[in-house]
Amino acid sequence: MSSMMRWGIRAALAIAITLAASAAANAQTAQIVGGVRDETDAVLPGVTLTVTNMDTGVVWEAVSNQQGQYTAPFLPSGRYSVKAVLQGFQAVARENIRVETDQDLRVDFVLEPGTVTEDVLVVGSAPVLNSDTSAVGQVVTGKSITDLPLNGRDFLQLAHLAPGVMQAPGGDRAWDGIVANGTRSVLNSFMLDGVDNNARIVDQQNNSSVVSKPSVDALAEFSIQTNNFLAEHGQAAGAIINATIKSGTNGFRGSLFEFLRNDAFDARDPFALPEDGKKLDRHQFGGTLGGPVRANRTFFFGSVETTKEIRGRNFRVAVPTEAMRDGDFSGFRDIYDPRTTRPSPDGTGVIRDQFPNNQIPLDRMDPFAKQLVDMYPLPNSDGVSDNYRVTNDLDSQRYQIDTRVDQSFSTNSKGYLRYSLTRLTWDDPGPFDPPLIGTNDFQRSHKEQWAHNVALGQTQVLGSQKVNEIRVGYNRVQDDLYPFVTDTTPAAFGFQGVPEQAGITGLPQIAIGDFANVGEAAFLPNFKISEVTQFGDTFSWLAGRHALKLGANYRFIRSYFNISAQARSTFNFGGDFTRDPQAEAITGTGLADFVLGMPTSAQLSTLLDGDLRWHYVAAFVQDDWRVSDRLTLNLGVRYELFTQPSERHGNQANMLITPEGPRMVFANNNVPPSVPPDITTDVPSDISATRLTRMDQNNVGPRVGVAYKLSDATVLRGGVGRFFGDHPAIGAASRMPANPPFQVSRTYSNDVDLARPDFFMLDEGFPTDALEPVFDSTLRSQAWDPNALQAEAYHWNVNVQHQFPWAVVELGYTGSRSDNLPIRWDPNAPFPGPGSQESRRSYPDFGSMSGLSYPGTSHYNAGHVRLERRFNSGVSVIGHYTYSKSIDVGGQPFVTEDNVIRDVRNVEWERGLSSFDVRHNLVVSYIWDIPVGEGRRLDFTSAWLDALLGGWQFNGVTTARSGMPFTPSVSFNEARTGHARPDRIADGNLPSSERSISGMTRAPSRSPSPGRIGGVTPAATS
């Protein structure tokens, strides 16, 4: 995008925001549709339908066409009345019709002869049967949103009320991530008031799927569509989640609230030890206020919420004993002397001698390592594996502000403006005080976050059958992470070869096998920004029995990062050099390697900076064809184009695997002078010169749905469609700006058999030229498959709904299949076996590579029973039982046991149960107004008794489900490549007599033999 175009977009957005109070629009997709007939069942054209919001008095008008059909599209959720008027007939009005987000609600009329002044009033809500669409999902209304007990008052938990929705697996950095019908959590799309609310921070660093998360007191409705949604929705292969902020009404309404959680009210962690700390002090308070600026015309609403929390984090880690600090490992694992490494006489690799008395002599200990080991605190508990226990405080503060203005200019023109602001800070400690810290999570830091979200638009009625809606949206997240130590550099601590750089402070991250880490998290400081600017237009008209919608949408996405990466360096001591090579799994320890100063690997890099931009363009046609009074067809097609990211300054490169071997290509063929010509090539003609990948332009998504009324109380629905997901959420360190020379990242690996002469020692540090862009086997590069296919999914479903007097019951089947799912890969990964890594790589002159390939797949099938009772007679229930199975290849990004490939040459080896596969899932929410108090069944007729004993509710959300599977691992990688997994020797599903909270009583797997990758498949045990 040119600079002029960028500024043009920003200027247009600024002007739109400035004028929004007088030109805003309510960008929703709900609509009331219906038909009008006389008592002989003849259609009635020319009937005027007046649709009135009963809380604001705002009016919409429609006129029935020659087929007697009418539609009132783009309605905000709320309570409505609809009045049908035609000369020569009695006027008929229906009141208290609840219109919900993303709903097509049918309201039909039968008019009888008479005068217009003869009114017939029908009071009561319209049926909740979905008789006009085939989409699968769930709508939650405002009362349920505010009354249901949601953990942390997080409205995204409401998604679990829809069948097929599960929490994302453990390890997902988006803590509120959900998996809908077996589709990865990163393939969902979130909207707020109908505009983009997706967080596109690299690495999901903001820990949320969304930019703005309003208070539940600010929400009018919540909607999730999980399967076969209409063509007007896109940029999602999973679910569409939409929430709407409340509007003001003709009456002033507000609330004040305080929610308290602390040690006294919260239960203990059932897995915590009696001596573990239990600390929680959480206050969530705020208020809302809404009302008229001008009755029936202009309304305002505002919400403020503050959350302050101090939560104790319990750490149980291993620290060296006093004896171990002096090299004495008596009573621990046997440790072996790496200096005695020699070929085995029987030809089975190498052998070593054990240290005498299992003790490392003081003169063999690395003085620098000894200094660092002595920084550990002493054990405060018995044992070795968790002999240091401490509770440190996570201190967080969050502020959320949401404001909204609604304007009705006339019956034909309406609008709104909404602005949301989020401010978050936290201090998330490790187990040790500075400077030791001791964490392996880059989020353990001081965090500063700002988020903004703006939505506006304009809705215009164009005659009796046509309506146009314009949407404009903008969101921005800035998330900054800082180290705890800000005054001491790695060099000042004594680390050699680590350059002094502004902001690069604190101890390097040092991972020590069997013991707690040392140092700050890697990648700190870490500054990231994501921005999305959105424009969209949808034109709707009623042509006979066809309710047509045409629309287009454009999004400009920016994702910026400035990261230290491994600029302070990282070290890994895995215990490889003090193991017995003939019994590696049960000997040696990382701490012994550490005190000898012999790391398994070490990494050092320059800073990583990138400013990525890409575009999304989509167009759709949707025809909801009411073939007859009983049959409706939803026919749609959507085209979506996702451009691949380009770096603003052209600072990115890609490593292509060509017949001549790996070759680097640079944006616009601008090869930096430091890059050797023999490892470069020109950008191929069929690859974008700026994005260095091919653009997938075949993203046509047809969608077909059927809704057939078997009777007035029963509907048969079904559909099938093709859907496309957004770009993958992958870390900055694996993106193309991380290629040399834009970032230089070196990994120094020491061979277990000590065969290489250039052994890296801790006290010697890094070479002085380590960060020079010299291309050799220690340099890490990024290799993205240039055939950057867009993730796609196929949805299908069939279900039957029946309206009982007391509830709607649904019985259904849902399925999905996803293809072209991205998987991180290393095309130069070493083959399993002995010897140096270089000798086992396909391209020995090159080091490790990272990037994306697209062979991932997933398959999901489920049956469900759903029950919904709208609030009536003081009772509301939403519940479902789902029986499902999910299988995938490649797994979920950022989930370790999912996203690690054992052998990139055989990706199908990763086929197995999804980490989020849950066979049985029951979720039931309920609200009961206890019938005691004023206006209820038992009224004391005493003000003070009613105030004391009346007005109570019994509310809850009950969840019961079977367990998730997991992938066994082993502590030592016998294959010396890929990901260590054992061989399976038994069924991991234990009989009920052997199941307990303490874990499995027998091992279903064992370590593989040397040089082999283990045979266990992902999620092998459930």
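Reader: In what order do the five strands of the open sheet lie?
Author: In this predicted model, the sheet is an open one of five strands, and its pairing is mixed. Read across the sheet, the order is β10-β15-β16-β13-β14.

Reader: Which strands stand at the edges of that sheet, and why is one side of each left without a neighbour?
Author: An edge strand here has a single partner strand, so one side of it has no neighbour in the sheet. The two strands in that position are β10 (136-141) and β14 (195-196).

Reader: Which residue of β15 stands opposite Q138?
Author: Strand β10 is joined to β15 (residues 219-227) by six bridges, and the two run antiparallel. Within β15, the residue that stands opposite Q138 is I224.

Reader: What is the bridge partner of R703 in β38?
Author: Strand β37 (residues 700-711) is joined by nine antiparallel bridges to β32 (residues 631-642), and in β37 the bridge partner of N634 is G705. Strand β37 also pairs with β38 (residues 714-724) in the antiparallel sense, over eight bridges, and a hairpin of two residues links β37 to β38. In β38, the bridge partner of R703 is G721.

Reader: Which element gives the most residues to the largest nonpolar core?
Author: The largest nonpolar core has 48 residues, and those with the most contacts inside it are I360, Y376, F495, I510, F571, F594 and F766. The elements that contribute two or more residues to this core include β19 (298-317), β22 (388-410) and α6 (590-596). With five residues, the element that gives the most to this core is α6.

Reader: How many residues has the other core, which lies apart from the largest one?
Author: Apart from the largest nonpolar core lies another core, and among its residues are L156, A162, L192 and I224. Residue I224 is also the one in β15 that stands opposite Q138. The number of residues in this other core is 29.

Reader: Which residues does Y376 touch, not counting those up to four places away in sequence?
Author: Y376 is one of the residues with the most contacts inside the largest nonpolar core. Leaving out residues up to four places away in sequence, Y376 touches V319, P320, R325, F432, L436, I512, F515, A516, N517 and V518.

Reader: What percentage of the protein's contacts with a separation of 6 or more is accounted for by residues 24 or more positions apart?
Author: The protein has eight helices and 51 strands, and of its 1022 residues 58% count as buried. Among contacts with a separation of 6 or more, the percentage accounted for by residues 24 or more positions apart is 74%.

Key: Residues are numbered from 1 along each chain as its sequence is written. This is a predicted model: local features need pLDDT of at least 70, side-chain atom pairs count only at pLDDT 80 or more; totals for chains, interfaces and linings use all residues. Side-chain values use heavy atoms; hydrogens and water are left out. A nonpolar core is a set of buried Ala, Val, Leu, Ile, Met, Phe, Trp, Tyr and Cys residues joined through side-chain atoms within 4.5 Å. Buried means under 20% relative accessible area, exposed over 50%, partly exposed in between (1.4 Å probe, protein chains only). Helices (H or I, at least four residues) and strands (E, at least two) are DSSP runs, numbered from the N terminus. Contact means heavy atoms within 4.5 Å. Two strands pair if DSSP finds at least two bridges between them.
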